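Thanks for coming. I'll keep this short and go through one structure, starting with a single residue and moving on to the ligand and the strands.

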Amino acid sequence: MDFQLSPELRDLQERTRRFIADEILPLEKELPRDAHGPTDALRQDLVARARAAGLLTPHASREMGGLGLSHVGKAVVFEEAGYSWLGPVALNIHAPDEGNIHLLEEVATPAQKERWLRPQVAGHTRSCFAMTEPDGAGADPSMLRTTAVRDGDEFVITGRKWFITGAEGAHYVIVMARMEEGSATMFLADMASPGIRLERQMDTMDACFTGGHAVMAFDALRVPADSVLGEVGQGFRYAQVRLAPARLTHCMRWLGQARRAHDIALDYARRRTGFGKPLAEHEGVGFMLADNDIDLHTARLHIWHTAWLMDQGAKGNFESSRAKVVCSEAQWRVVDRCVQILGGQGVTAETPVMRIFMDLRAFRIYDGPSEVHRWSMARRLVRQAGAAE
Ligand SMILES: Cc1cc2nc3c(=O)[nH]c(=O)nc-3n(C[C@H](O)[C@H](O)[C@H](O)COP(=O)(O)OP(=O)(O)OC[C@H]3O[C@@H](n4cnc5c(N)ncnc54)[C@H](O)[C@@H]3O)c2cc1C
């Protein structure tokens with residue numbers, strides 16, 4: 001493994017760090033979020049700033065208008081952007097758009113790319129990804145109940161989805177549906193289509209995703225045959241194409257937020273005194289700071305290693321599962337310790353740490369709960385051990 005960063009990547013890291021420090025952090029206080037996340041107007045303002053700084057959608061291919069970052073490149077830039085909760089919004093690298101952009105790059109037809117992907121890479125549009133269902137697919141996606149039935153040159157999609165991040169205000173949706181013979185297919189659909197209905201916004205602990213999380217209904221939505229993303233029947237495979245890197249990019253962005261919380265707690269522990277000396281000099285607090293550093297470093301190593309493997313052509317399903325468990329749990333411990341170090345202020349909006357704590361919690365659940373990743377890793381370990389006998 002060679003973790004030497006090229007001069008170009010170092011330059012991009014530095015430019016991203018400066019952009020976040022100079023342009024984005026000062027906005028955090030000025031532009032508070034609403035109950036569900038940044039408004040679309042705020043998003044447009046942030047995207048315009050990243051565009052002017054030459055940092056917009058850096059993970060997209062150069063052909064589509066991005067900077068063509070490798071997975072290791074993403075690890076470096078996304079952590080820097082994640083230092084502010086507004087950074088990933090500005091750079092157009094937040095979920096679910098980041099993962100959808102990756103998926104379209106991999107499997108969409110040239111015509112689909114021109115219609116859906118190019119304007120999204122340019123920051124003009126947003127998207128959502130609809131898989132989870134109130135009464136079907138969840139941690140176990142094979143329980144998918146939304147159906148797609150062929151009718152001449154069209155498909156008719158019927159079902160309900162929930163937790164759909166960014167649905168409100170999105171321009172298009174990638175919806176996963178079950179075919180009559182049991183396989184799954186992904187479809188692209190314009191969110192303004194008559195068969196799509198947003199039932200309601202869900203009230204959640206987090207408030208960092210533009211458009212929040214919605215319950216949506218597909219009321220016999222009719223889509224033409226060229227709306228199939230990739231090939232009919234490949235939905236579950238494409239879900240892995242999307243999710244393996246997408247869960248790793250969550251790790252990258254949240255690493256930035258966890259580092260931010262740590263910096264705030266470290267600063268407080270150095271300045272605040274109690275019992276005759278700075279808090280940081282009390283062993284109980286010092287050990288929490290040291291444990292934070294250990295967790296942050298461990299998370300970064302897992303991210304970089306998995307990203308490096310993916311850059312060598314590995315699918316990285318097992319490694320990204322492992323990284324997701326390590327990172328989501330390590331980052332959670334870091335932010336929880338930061339709340340503790342800050343005392344009463346930790347549970348108030350006096351510092352950004354309370355919001356980071358609330359925004360981060362769901363990461364141990366979405367893109368696969370920790371238990372499901374451990375369970376699927378264990379299955380593979382047992383299978384491999386059996387095969388080696
Ligand atoms: C903030 C947020 C944003 C989301 N965004 C999207 C989105 O944009 N699009 C989308 O399609 N979905 C989205 N989701 C849904 C998310 O992917 C699901 O919540 C997740 O897959 C878990 O499914 P579930 O909620 O149905 O939990 P369930 O399937 O009901 O599982 C509940 C719990 O059971 C346990 N469990 C389940 N299976 C096992 C097992 N095999 N072994 C041990 N324990 C197990 C786990 O602890 C799990 O947390 C989002 C969720 C959240 C919270």
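Does S127 count as buried or exposed? This is a predicted model, so please keep that in mind throughout. S127 counts as buried because its relative accessibility is 0%, and the cut-off for buried is under 20%. The residue lies in strand 1. Its side chain has two partners to look at. One is N100, whose side chain makes a polar contact with the side chain of S127 at 2.9 Å. Another is Q120, where a polar contact of 2.8 Å joins the two side chains.

Now the ligand. Where does the ligand sit? The ligand is in the largest pocket. Strand 1, residues 127–130, comes back here: along with strand 3 and helix 11, residues 370–388, it is one of the elements that give two or more residues to the shell around the ligand. In total, 19 residues surround the ligand, and the closest are F129, T132, F163, T165 and E371.

Next, the polar atoms. On the backbone side, an N or O atom of M131 lies 2.8 Å from an oxygen atom of the ligand. A polar backbone atom of F163 is 2.9 Å from a nitrogen atom of the ligand. From E371 it is a polar side-chain atom, which lies 2.8 Å from an oxygen atom of the ligand. As for cover, the ligand on its own has 970 Å² of accessible area, and the protein covers 66% of that.

Strand 3 deserves its own minute. It spans residues 154–165 and runs antiparallel to strand 2, residues 147–151, with five bridges joining them. Across that pairing, A148 stands opposite I157. The two strands form a hairpin with two residues between them, and in the turn G152 has a positive phi of about 65 degrees. Strand 3 is also joined to strand 7, residues 213–224, by nine bridges, again antiparallel. In that pairing K161 faces M216 in strand 7. As a general point, side chains in a regular strand alternate between the two faces of the sheet.

One last residue, for contrast with the opening. H297 is found in helix 8, residues 283–311. It counts as partly exposed, because its relative accessibility is 43%, and partly exposed covers values between 20% and 50%. H297 and A330 are 33 residues apart in sequence, and their C-alpha atoms are 9.6 Å apart in space.

That's it from me.

Conventions. Residues are numbered from 1 along each chain as its sequence is written. This is a predicted model: local features need pLDDT of at least 70, side-chain atom pairs count only at pLDDT 80 or more; totals for chains, interfaces and linings use all residues. Side-chain values use heavy atoms; hydrogens and water are left out. Two strands pair if DSSP finds at least two bridges between them. Helices (H or I, at least four residues) and strands (E, at least two) are DSSP runs, numbered from the N terminus. Buried means under 20% relative accessible area, exposed over 50%, partly exposed in between (1.4 Å probe, protein chains only). A residue is near a molecule or strand if one of its heavy atoms lies within 4 Å of it. A polar contact is a pair of N or O atoms within 3.5 Å; within protein, one must be able to donate a hydrogen and the other to accept it, and residues adjacent in sequence count only if both atoms are side-chain atoms. Accessible areas come from the Shrake-Rupley method with a 1.4 Å probe; for residues, only the protein chains shown count as cover. On a 1 Å grid over the protein atoms alone, a cavity is a set of points where a 1.4 Å probe fits but cannot get out, and a pocket is an open set with protein on both sides within 12 Å along at least five of seven lines; lining residues have an atom within 4 Å of a point. A molecule sits in a cavity or pocket if more than half of its atoms lie within 2 Å of its grid points.
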